[in-house]
Amino acid sequence: MPSDKEEFQRDLLESVKQMRSGQAARLTQLKTQDAMESAVDVSLRLTVEVLERWKATGPGWQQRMSDLLSKTAP
C-alpha cells in the first residue's frame, strides 16, 4: 500500500500529464471524516496569501473553507 506521500506524488504527476494533454481534471470522490457527506477533489487557484491565511487557522482549515463556501454559495 503506497504512503500518503507516494499517493500524492502519483496523483500530482497524473494531473500534470492530464493538464499538458488538455484533458479535463480528474475528480475523485472522497468520504469526509463523518463518512456521511461525500467530497470532491478539485483544483483551485488561490493567491499564496489567501492559502497561507487559511492554513494558519490550523487543522480542519479545508472543512472550515468548505463550510464557509457552502453558506455563501449562490
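**View 1. The whole chain has 3 helices and 2 strands.** This is a predicted model, so let's start with the overall layout. Going along the sequence, the elements come in the order α-β-β-α-α. The protein has 74 residues, and just 5% of them count as buried. Its accessible surface adds up to about 7000 Å², with 57% of that belonging to carbon and sulfur atoms. As for contacts with a separation of 6 or more, residues 24 or more positions apart make up 0% of them.

**View 2. Here we look at how confident the prediction is, with an average pLDDT of 76 for the protein.** A score of at least 70 is reached by 74% of the residues. Which element has the lowest mean pLDDT, and which the highest? Strand 1, residues 29-31, sits at the bottom with 54, while helix 2, residues 48-55, comes out on top with 90. A word of caution when you zoom in: where pLDDT is low, don't read the predicted coordinates in detail.

**View 3. Helix 2 packs against helix 3.** To describe a pair of packed helices, you give the angle between their axes and the distance between those axes. For helix 2 and helix 3 (residues 61-72), the angle is about 110 degrees and the axes are 9 Å apart. An angle of 65 to 115 degrees counts as roughly perpendicular, so helix 2 is roughly perpendicular to helix 3. On the helix 2 side, Leu 51, Trp 54 and Lys 55 make the contact. Helix 3 brings Trp 61, Arg 64, Met 65 and Leu 68 to meet them. Sorted by class, this contact has 5 nonpolar residues, 2 charged ones and no polar ones.

**View 4. Now we zoom in on Ser 66, which you'll find in helix 3.** Is Ser 66 buried, exposed or partly exposed? Its relative accessibility is 34%, so Ser 66 counts as partly exposed. Look for Ala 39 too: Ser 66 and Ala 39 are 27 residues apart in sequence, and their C-alpha atoms are 9.6 Å apart in space.

Key: Residues are numbered from 1 along each chain as its sequence is written. This is a predicted model: local features need pLDDT of at least 70, side-chain atom pairs count only at pLDDT 80 or more; totals for chains, interfaces and linings use all residues. Side-chain values use heavy atoms; hydrogens and water are left out. pLDDT is the predictor's confidence in each residue, from 0 to 100. Helices (H or I, at least four residues) and strands (E, at least two) are DSSP runs, numbered from the N terminus. Axes are lines fitted to C-alpha atoms, for helices over the stretch in contact, and angles run from 0 to 180 degrees between N-to-C directions. Angles under 35 degrees count as roughly parallel, over 145 as roughly antiparallel, 65 to 115 as roughly perpendicular and the rest as oblique. Contact means heavy atoms within 4.5 Å. Ala, Val, Leu, Ile, Met, Phe, Trp, Tyr, Cys and Pro count as nonpolar, Asp, Glu, Lys and Arg as charged, and the others, Gly among them, as polar. Buried means under 20% relative accessible area, exposed over 50%, partly exposed in between (1.4 Å probe, protein chains only). Accessible areas come from the Shrake-Rupley method with a 1.4 Å probe; for residues, only the protein chains shown count as cover.
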